Amino acid sequence: MPPSSPDRVIPTLHRASTVALGVCAIIYGILVVNAPLDSEQGVIQKILYIHVPCAMAAYLGFLLTAIGGGLYLWKRDERFDRFAASAAEVGVFFCALVLVTGPIWGRGTWGTWWSWDLRLTVTLLLFLVYLSYLLLRSFTEGTERTARFAAVYGIAGLAVIPLNYFAIDLAGGRSIHPQNLEGGSLGVGMVMPFAMGAVTAIVAFSHLLLGRIDIARLRAQLAEREAEREMRGGDGSPWDI
Amino acid sequence: MNVFLAVLWKDLLTEWRDRDRLVAMGIFALLVVIVLYFAAAPGVGSEARAPGLLWVAYVFASVLGLNRAFALELENEALSGLALAPADRGWIFLGKAAASLLLLLIIQAGAAAVFALAFDVAIAPVALPFALVAFLGALGLCSVGTLFAAIAVRTTFREVMLPLLLLPLMIPVILGSVRATNALLLEEALPWPAIRLLLVTDAVFLIVSFISFEYVLDD
């Protein structure tokens, strides 16, 4: 049976994203190496070019998880659930990178590995929400039930982000995170590597997301074929598939 | 609306007949207060820590109670019976949440009394505004708590799953409640930003849970 159109589109896009990622990574690497050193922070400031783009990719992942979940609840199409689950996994990966690079930067500039700063805390909470999301998926039996429960939790998790910002701001958490990005005042020569970092992170996110969606699609196909084989009364050998 | 009252009445009546959930929550809250008393080394800034510790006891007791809220419904497929009720499932959610809320409010009152004695903090003079804060905090806990309890009860690790799902989302509720309780114990006026945070959080959680419950019960 020839593969259906979406079956061909995702692997093709995934291969295309590999090329795009390679090109972006080379340009990004050159720009970061040649970026000027910060007069106060020195070389450790260059972690900005990884840390902030990864945070963008993480938030994008969690936004897409909620959108995928919402679309699943609306259309009841498994593809949206696979999209949401894949976005959550890739989002958690980028969020972990944020939580690793943040303390390294913090140690170098603030003198401390961790601070209960507004954005740090919200990111940590978000990380925990989506880890729980992934745990919920693995602890729920039945594809359809897993998809429904995960969609509801993914949407609730996104709804709480602005509330967390408000809450931690109330607790006085807006203290030592760099403010220069809020003002949009990156130093001379820093804008290009930063922008390229953002583009590279989004391309890397798309690359991983497409790869993960393709794996989920293949797994679903495998499960479907195994179910068909069992219905036909196969002897359990893999050659029956 | 009739479904809301029927579910609320059913849950309260079931609870009244065996009282196991209320007793378990009460003993658990008391134990948490005792453990925190010894863990917190009273006397060294205990007044400043008291609101936070009190809310820790409330949150843990609520998780215990919420975990039981749907456990009974699993017996004899009662949950399927609830799902088959010819009404908007949002009202079923509200009935279950209201029953959990009432139980938690009773536990909150008892635990506050024990806490006031154990930590030597004056809750009685600010009982009314404290009751408002406790109600708003409990509403936040029981709204998404009921939604997640309905999810957690049908997972393989149901006892573990509820706190994992609930606690990361509870920071706005805990922060707002602790801030407001702290101000009350320091004999200050109710802090509006904290109350506003609790009101907004409760509204968001109630709306999300009311709408989402439809999909959680959809088996």
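Hi everyone, let's start right in the middle of chain A, with a pair of helices: α2(A) and α5(A) cross in a left-handed way. Before I go on, please keep in mind that this is a predicted model.

So, who makes this contact? On the α2(A) side we have Phe62(A), Leu63(A), Thr65(A), Ala66(A), Gly69(A), Gly70(A), Tyr72(A) and Leu73(A). Facing them from α5(A) are Ala147(A), Arg148(A), Ala150(A), Ala151(A), Gly154(A), Ile155(A), Gly157(A) and Leu158(A). Sorted by class, the contact of α2(A) with α5(A) has ten nonpolar, five polar and one charged residues.

If you are new to this, here is a handy habit: two packed helices are described by the angle between their axes and the distance between the axes. For our pair, the angle is about 135 degrees and the axes are 8 Å apart. That angle is why α2(A) counts as oblique to α5(A).

Now stay with α2(A), and look at another partner. Helix α2 covers residues 48-75 of chain A, and helix α3 covers residues 78-109. How do their axes cross? They come within 7 Å and cross at roughly 160 degrees. Angles over 145 degrees count as roughly antiparallel, and therefore α2(A) is roughly antiparallel to α3(A). The crossing of α2(A) and α3(A) is left-handed. Its contact residues divide into 20 nonpolar, eight polar and two charged.

Let's step back and see chain A as a whole. Chain A has seven helices and zero strands, so if you walk along its sequence, you read α-α-α-α-α-α-α. Of its 241 residues, 37% count as buried. And if you take the contacts in chain A with a separation of 6 or more, 80% of them join residues 24 or more positions apart.

Next, where does chain A meet chain B? Here 25 residues of chain A are in contact with 27 residues of chain B. On the chain A side, α4 (118-139) and α5 (143-170) each supply at least two residues. Which helix gives the most to that side? It is α5(A), with 14 residues. You have met α5(A) already, as the helix that packs against α2(A). By class, the side of chain A that touches chain B has 19 nonpolar, three polar and three charged residues.

That brings us to chain B. How many helices and strands does chain B have? There are ten helices and zero strands, and along the sequence the pattern is α-α-α-α-α-α-α-α-α-α. The C-alpha trace of chain B spans about 55 × 35 × 30 Å along its principal axes.

Is there a way to put that size in context? What radius of gyration would a compact globule with 219 residues have? It would be near 17 Å, and chain B has 17 Å, which agrees. Buried residues make up 47% of the 219 residues in chain B. Of the contacts in chain B with a separation of 6 or more, 82% are between residues 24 or more positions apart.

Let me finish with a few single residues in chain B that you can find in the viewer. Begin with Arg19(B), in the loop between α1 (2-18) and α2 (20-39) of chain B. Arg19(B) has a positive phi of about 55 degrees although it is not a glycine. Is Arg19(B) buried or exposed? Arg19(B) is exposed, because it has 12 other C-beta atoms within 10 Å, and a residue with 12 or fewer counts as exposed.

Glu187(B) is another non-glycine residue with a positive phi, near 60 degrees. Look for Glu187(B) in the loop between α9 (171-185) and α10 of chain B. Glu187(B) is exposed too, with 9 other C-beta atoms within 10 Å.

Last comes Ala203(B), which sits in helix α10 (residues 192-216) of chain B. Ala203(B) has 13 C-beta neighbours inside 10 Å, so it counts as partly exposed. And how far is it from Gly145(B)? The two residues are 58 residues apart along the chain, and their C-alpha atoms are separated by 14 Å.

That's my tour, thanks for listening!

Conventions:
Residues numbered from 1 in each chain as written. Chains lettered and ligands numbered in written order. Predicted model: local features only at pLDDT ≥ 70, side-chain atom pairs only at ≥ 80, totals over all residues. Helix = DSSP H or I, 4+ residues; strand = E, 2+ residues; numbered from the N terminus. Rg over C-alpha atoms; globule rule 2.2 N^0.38 Å. Buried ≥ 20, exposed ≤ 12 C-beta atoms within 10 Å, placed from the backbone. Contact = placed C-beta atoms within 7 Å. Nonpolar A, V, L, I, M, F, W, Y, C, P; charged D, E, K, R; others polar. Axes fitted to C-alpha atoms, helices over the stretch in contact; angles between N-to-C directions. Parallel < 35°, antiparallel > 145°, perpendicular 65-115°, else oblique. Left-handed = near helix turned anticlockwise from the far one by under 90°.
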